[in-house]
Each structure stands twice: as C-alpha cells, then as structure tokens.
Amino acid sequence: MTPHTPAPGGTAPLGSHTVARVGYGAMQLERLHADRPAAVALLHRARELGVNHIDTAQFYGFGFVNEVIREAFGDSEDVVVVSKVGADPEPEGPIPLRFAQRPEELRASVEDNLRTLGRERLDVVNLRRPDTGPGLRAEGDQIVPLDDQLAVMTALRDEGKIGAIGMSSVTAEVLRKALPAGIVCVQNAYSLVGRDDEDVLAVCAAEGIAWVPYFPLGGSFPGLPKVSEEAAAVRIAEHLGATVSQVGLAWLLHHYPRTLLIPGTASVAHLEENTAAGSLVLDEAAMTALDAVESRSSDVRIG
C-alpha cells in the first residue's frame, strides 16, 4: 500500500529502517473491539497519511490489536511493526496487566507476538523494564538482572526472530549498561510537562538512538500533568490556529531530531489531527516559551 502523502514530520532512523517521525501507537485500537472493520480502516488511513511505524504489544486487547494489524498489513515490509515484551495480560487482576520479566517469559512473549502478527520476524522489540516512569513496579521473581534479559533478547535477534532491540521505562544507568547489546530506540514516558528523563534522552542523543516518548501529552494516569492544561501551550496553539495537542507533539519533534512519535487514537479525525502535527512549525520564540515550561514529575505508581 502506497501512502498518499509524504511522511508526516519527515523521516528518521529506527534501527536499519527509515520511518515517518509521526507513527501510530496501536493500544487504543482495542476500543474498536466490537467493530473490527473500523479498526482495520483506521490503520489503512494511517498508512494513507504516510505513517509506516506501528507500535503494538501482544497484551493490547489480549491479542486483538496484533490480529487487526495482521489483517491490515499482513507481513508487508512496507510497515515497520514494533512490539514490546516484559508484561503479560492478567484479565482478572485489579490491573489487567502483570510483569513478565523472566527470560523464558520474554521468549514466550516474542513467540506470541509472531503468531498473532503473522510474521516470521518482529522488526524491533522493546524490553519493557520496571525501572522508571508511571505504572507498576516489579516484585519477587519479577526483579530480573538486565544481563539475563539481554542474553535472551540477543539470542532471539541472532535467531532472526527479532530484527533489533529497544528499551522501555529505563533509567540512564540501565540504558548505558544495555548499550553493548545494540539498542536502537528507547520508549520512556516523556512530554512537554513531564521531562524527568532528560538524562536518558541525553544518552540517546550521544549514541544516536531513536527516542520514542509514550504519554507524549501527559495525563494518561490520574496525577500526571497534562499538556492541555499548560498556559504557554494553549497560548501558542491559539496563535497558530492549532490544537494544544498538536503543539505538544510538535514540541517533541523539534526538541530532538531522532524523536519518533507514536500517538494513539481510535478516531480517524484524531489520527488526522495527530499526523498534521508533523507539519506544525514552532519558531524560536515559541520554542523558547515552551522550553521554559516547568516539568512536573511523572513518577506515579499504579497498584
């Protein structure tokens, strides 16, 4: 499938691939569980808009999201599919997710992703660690040494089951330890109003690693700051005739040239709004005002 428009936000490297800087995070597709054709149509619309980087996980919709991606794109090399391991669904739990950090669980999760996506190889797999950011923290046998995890991840890469390794929710110290494994991207919670991980971004910048911020607009958990509530972003959005969300996404693109966005939505209109953020130009005065926004902590514990 050929996109009808240029890559939104331009392009940047993701491992051995070149992808649009505005991609699509597929977690919200599970909201369309009762309307599978609408979910497939949304993915097709993303591709028409120039998106060729799809972020997913087996635990999104308990496999439903991966199955929709398979239906929409098959095993096409035209779309870079990035998944993550380190957690499994737990439908009956107080939170429908649990850590799955042990090496055998990481391998099983890769196999599950391959099966539901219908692919022989996953382009990139992020190791979701419990080191930082909002969310759960590991306990008991889920506290696993990094070296043990990277051993199985590199083995899976050597076997051809994954193309490259990324990291998620890691500290700068953990990222530095992981560098010899050849890390191609980092996914951490990060936004205009929640910049706890500037030190992690600095490591990425020094090593030429792609930065893939999740919760790019804040506010996904109670207690997290929201870009929509930031006065400077509201003022600039009004001046530019844009939405506050577009300003928040555009700031991320301007902040670091290897930033890859993966905003998620179940709405075609919202998808089009997000991809249009890739064309929003922030001048020096706007960037100065946004850079001066106070960062508020995103370290919210869940569970």
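Start by selecting R129, which counts as buried because its relative accessibility is 9%, under the 20% cut-off. Keep in mind as you click around that this is a predicted model.

**Stop 1: R129 and its surroundings**

R129 sits in the loop that links strand 8 (124-128) to helix 4 (146-158). Show its side chain and look for two polar partners. One is the side chain of D131, joined to that of R129 by a polar contact of 3.0 Å. The other is the backbone oxygen of V144, which the R129 side chain reaches at 3.0 Å.

Now light up what else is around. Setting aside residues up to four places away in sequence, R129 touches a list that includes F99, Q101, P145, L146 and Q149. M167, S168, S169, V170 and V174 are also among the residues that R129 touches.

**Stop 2: strand 8**

Step back from R129 and select strand 8. Is this strand enclosed or open to the outside? It is largely enclosed by the rest of the structure, because 5 of its 5 residues are buried. Colour the two faces separately: V124, N126 and R128 are on one side, V125 and L127 are on the other, and all of them are buried.

Next, find the partners of strand 8. Strand 5 (residues 80-85) runs parallel to strand 8, joined by 4 bridges. Along this pairing, look for V85 opposite L127. Strand 9 (residues 165-168) also runs parallel to strand 8, again with 4 bridges. Here R128 has S168 as its bridge partner.

**Stop 3: the whole sheet**

Zoom out and show the strands together. Strand 8 belongs to an open sheet of 7 strands in the order 3-4-5-8-9-10-11, with parallel pairing. Which strands stand at the edges? They are strand 3 (24-25) and strand 11 (210-211), each with a single partner strand, so one side of each has no neighbour in the sheet.

Go to the strand 11 edge. Strand 10 (residues 183-187) pairs with strand 11 in the parallel sense over 2 bridges. Select C185 and you'll find its bridge partner, A210, in strand 11.

**Stop 4: P216, past strand 11**

Follow the chain on to P216, in the loop between strand 11 and helix 7 (231-240). P216 has 13% relative accessibility, so it counts as buried. Without its neighbours within four places in sequence, P216 is in contact with Y190, S191, L192, V227, L249 and L252. Try a distance label too: P216 and G264 are 48 residues apart in sequence, and their C-alpha atoms are 10.0 Å apart in space.

**Stop 5: another arginine, R119**

Jump back to R119, in the loop between helix 3 (103-117) and strand 8. R119 also counts as buried, because its relative accessibility is 9%. Its side chain reaches the backbone oxygen of S76 at 3.2 Å. Leaving out neighbours within four places in sequence, the contacts of R119 include F73, G74, D75 and S76, along with V79, V81 and L114.

**Stop 6: a pair of helices**

Finish with helix 1 (residues 36-48) and helix 9 (residues 268-276). They pack at an angle of about 25 degrees, with axes 10 Å apart. The two helices are therefore roughly parallel to each other, and helix 1 passes helix 9 in a right-handed crossing. To see where they meet, select L42, R45 and A46 in helix 1 together with V268, L271 and E272 in helix 9.

Conventions: Residues are numbered from 1 along each chain as its sequence is written. This is a predicted model: local features need pLDDT of at least 70, side-chain atom pairs count only at pLDDT 80 or more; totals for chains, interfaces and linings use all residues. Side-chain values use heavy atoms; hydrogens and water are left out. Buried means under 20% relative accessible area, exposed over 50%, partly exposed in between (1.4 Å probe, protein chains only). A polar contact is a pair of N or O atoms within 3.5 Å; within protein, one must be able to donate a hydrogen and the other to accept it, and residues adjacent in sequence count only if both atoms are side-chain atoms. Contact means heavy atoms within 4.5 Å. Two strands pair if DSSP finds at least two bridges between them. Axes are lines fitted to C-alpha atoms, for helices over the stretch in contact, and angles run from 0 to 180 degrees between N-to-C directions. Angles under 35 degrees count as roughly parallel, over 145 as roughly antiparallel, 65 to 115 as roughly perpendicular and the rest as oblique. A crossing is left-handed if the near helix is turned anticlockwise from the far one by less than a right angle, and right-handed if clockwise.
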